[in-house]
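Here are some worked exercises to go through with the model open beside you. Try each task before reading its solution.

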Amino acid sequence: MGTQDPGNMGTGVPASEQISCAKEDPQVYCPEETGGTKDVQVTDCKSPEDSRPPKETDCCNPEDSGQLMVSYEGKAMGYQVPPFGWRICLAHEFTEKRKPFQANNVSLSNMIKHIGMGLRYLQWWYRKTHVEKKTPFIDMINSVPLRQIYGCPLGGIGGGTITRGWRGQFCRWQLNPGMYQHRTVIADQDSSLPVGVFVWDVENEGDEALDVSIMFSMRNGLGGGDDAPGGLWNEPFCLERSGETVRGLLLHHPTLPNPYTMAVAARVTAATTVTHITAFDPDSTGQQVWQDLLQDGQLDSPTGQSTPTQKGVGIAGAVCVSSKLRPRGQCRLEFSLAWDMPRIMFGAKGQVHYRRYTRFFGQDGDAAPALSHYALCRYAEWEERISAWQSPVLDDRSLPAWYKSALFNELYFLADGGTVWLEVLEDSLPEELGRNMCHLRPTLRDYGRFGYLEGQEYRMYNTYDVHFYASFALIMLWPKLELSLQYDMALATLREDLTRRRYLMSGVMAPVKRRNVIPHDIGDPDDEPWLRVNAYLIHDTADWKDLNLKFVLQVYRDYYLTGDQNFLKDMWPVCLAVMESEMKFDKDHDGLIENGGYADQTYDGWVTTGPSAYCGGLWLAAVAVMVQMAALCGAQDIQDKFSSILSRGQEAYERLLWNGRYYNYDSSSRPQSRSVMSDQCAGQWFLKACGLGEGDTEVFPTQHVVRALQTIFELNVQAFAGGAMGAVNGMQPHGVPDKSSVQSDEVWVGVVYGLAATMIQELLPSGFCLWVIVISSTCWELLEGKDSTASIYPVEVALQRVPS
């Protein structure tokens, strides 16, 4: 699903462990000895000169678009390495060494404001970890440092992922749904750089024939608590279908509640021999394996199953592919790594769920051989289809390389975002709630249930306020998954959970979920998502001003892009319900909602009072699409009602917030009310993405939108950090970042993508648009090795696409 270069990931490895490759600069390192492996993206065989990318057209300053790499790049292009890919220097180290949620850059005044929340958080954290024995969905005490070692995630959408580092190690595991373990398992890296299906092309440049062997070793489990009970065992397998044979090892890991089997396999051809060692001690030196391999370049291949392990004892296995290579000859050795965890239980251990792939490979836990065979026999076809999809962009010489890289490679979050894709059982859907949505059951039955995390350290599924930014990736590439997600959100909206809990920011006791309001999220994977929603407990989001509006906007956007009238009809009653709930926030009945004097929207640390640019703009945009939906649904009285609200709200919005250069942050008397918010045109962005917002459907005067975007670019982009970090969330009109909150002086890259998209929509000079996107991509690379608090919402960073 990308064009990732396997050798160009970040480091995070001490300089003493790196390999020097620049004689003139002792500080420069690069991984010349990481091997000749090739990702599953295969190009036609070319000479190194032919594989160099054509000269790219770039309208931006070279210093802003990749000059960092110049001093690190060598002349060798590698064997069939794709010319385009997400690239970052392995030796580069960021000057700031921060962990997620560090507070050393937070002002004293903001720390004082959050003392109460901090104390309540500590109480909640202690109860969660020491009483309930659970992992907190936001863990500020044991935060995981972000490191520049993570490469391409192994695995498809919703089946769990295993991530390899640039040095070849398996270093991040997400087998249990949504729960990440950052652990490098030594026994899994003796000789290769696996990427799901991965291929070694070996070339003999000498005059003598050679025997070549490549071995792939794998530990059964991660060497942690899940392995401790014992009972793990391995066995060899051979599967022949349609004239193709695959051999390998099955690593059975029966530990409850989510048992699984992994398969290390290789393709058997006329020119290759596949051998194995069923079991060895992964905590030893590996002498048993190496002595076996060194004798004749093959493994002994014992038959039968290994003895189940005793408590506390580890077990690993290995598969070896061997081939004879004639002088000046070439050969290809193909491996795969598959895992079969068909039945899963989330942290609450309450319900059994089946992963999506079980529809095609069965639910019995015996699919690992078939998965291996299927992948090894089909990967070439997958590569051709991926290439056909990407080629129109990659072959367009008018597009700069950084744009191509960002466009495709950031989609990895759809697999690596703790994603689950589940089958939906008929008896799991409540009849009473879904009866008015005629196509709810067929949609969920045919396309399953989809969930992805807001972030790996901010562990909630389908966080809806930021799905607003991320959702273009789904609706434009996997539209049925987006519609399925929307049906789930609609179901959750109609439900209620009156269990009372204490909210951390205010200390107030309130219900978990009220009826007819959009939930913040669909739940925590360490609990029971979809059944118990709203894991988020910092604020009571029933009073947030943006969630209901974002649902209405996304429903219409999804209808506009799919043309699915059945979906629109099913969602129409839910849109009416949430808009009716939203109307209570228009306390003076001027057609414009007011914020409540606290952080009552996605910027949950940034206080907003009265009518505001962000929420007010989303409100007017949502009212405008309600007018359109009412016309499509033949509801004339409702169309008239919202048309009247829109007319009054537009007048109030312009009168209360427009200052001649931009829309004020809010209409309060506080000094920061005149801050320039980079996200103030979010409503206009969505309207334009829906084919609205101009001509007869204009909501915000075009000249005001253009002037506001120019001001944002001048102040929030160019006047912030030398113009090198994207658009800061808030900037004071005299060119100083708004430090009134912990979020106003942050950069949220998904917001910056939305800003760039809005500039493109408004046909601003290309320099504005492309320059902002360059900065967005650069900022995303910086955040990879920096501090997640610079973007509290990594999902929006990873997924937001720029509609053309």
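## Exercise 1: a strand and its sheet

Task: work out whether β6 is largely enclosed or not, and find its place in its sheet.

Solution. Start by counting: seven of the ten residues of β6 are buried, so the rest of the structure largely encloses this strand. Buried here means under 20% relative accessible area, exposed means over 50%, and partly exposed is in between (1.4 Å probe, protein chains only). Strands and helices are DSSP runs numbered from the N terminus, with at least two residues (E) for a strand and at least four (H or I) for a helix.

A word on the ground rules: this is a predicted model, where local features need pLDDT of at least 70 and side-chain atom pairs count only at pLDDT 80 or more, while totals for chains, interfaces and linings use all residues. Residues are numbered from 1 along each chain as its sequence is written, and side-chain values use heavy atoms, leaving out hydrogens and water.

Next, look at the sheet: it is open, has three strands in the order β6-β11-β10, and pairs antiparallel. Two strands pair if DSSP finds at least two bridges between them. At the edges sit β6 (210-219) and β10 (272-280), each pairing on one side only. On average, neighbouring strands of this sheet are turned by 20° against each other, direction ignored.

Now zoom in on the pairing. Ten bridges link β6 with β11 (residues 316-325) in the antiparallel sense. Val 212 has Ser 323 as its bridge partner in β11, and Met 218 has Gly 317.

Finally, add the helix: α3 (residues 287-296) lies across β6, β10 and β11, and runs at about 155° to β10. Axes are lines fitted to C-alpha atoms, for helices over the stretch in contact, and angles run from 0 to 180 degrees between N-to-C directions. Contact means heavy atoms within 4.5 Å.

## Exercise 2: two loop residues

Task: is Asp 281 buried, partly exposed or exposed? And what does Ser 306 touch?

Solution. Take Asp 281, which lies in the loop between β10 and α3. Its relative accessibility is 35%, so Asp 281 counts as partly exposed. Its side chain has a polar atom 2.9 Å from the backbone nitrogen of Asp 283. For a polar contact you need a pair of N or O atoms within 3.5 Å; within protein, one must be able to donate a hydrogen and the other to accept it, and residues adjacent in sequence count only if both atoms are side-chain atoms. Asp 281 is also 5.3 Å from Ile 315, C-alpha to C-alpha, with their positions 34 residues apart in sequence.

Then go to Ser 306, in the loop between α3 and β11. Ser 306 counts as buried because its relative accessibility is 12%. Leaving aside residues up to four places away in sequence, Ser 306 touches Trp 233, Asn 234, Thr 278, Ala 279 and Ile 315. A polar atom of the Ser 306 side chain lies 2.8 Å from the backbone nitrogen of Asn 234.

## Exercise 3: a helix pair

Task: describe how α12 and α14 pack.

Solution. Angle and distance come first: α12 (residues 479-494) and α14 (residues 565-582) pack at about 35°, with axes 11 Å apart. The crossing is left-handed, which means the near helix is turned anticlockwise from the far one by less than a right angle (clockwise would be right-handed).

Now list who meets whom. Leu 483, Gln 486, Tyr 487, Ala 490 and Thr 493 in α12 meet Asn 566, Phe 567, Asp 570, Met 571, Val 574 and Val 578 in α14. By class, that contact has seven nonpolar, three polar and one charged residues. Ala, Val, Leu, Ile, Met, Phe, Trp, Tyr, Cys and Pro count as nonpolar, Asp, Glu, Lys and Arg as charged, and the others, Gly among them, as polar.

## Exercise 4: backbone oddities

Task: which peptide bond is cis at Pro 257, and what is the phi of Asn 462?

Solution. Recall the usual picture: most residues other than glycine have a negative phi, and most peptide bonds are trans. The bond from Leu 256 to Pro 257 is cis, with omega near 10°. Pro 257 sits in the loop between β8 (244-253) and β9 (260-268).

Asn 462 is not a glycine, yet its phi is positive, about 50°. You'll find Asn 462 in the loop between β18 (458-461) and α10 (464-470). With a relative accessible area of 2%, Asn 462 is buried.
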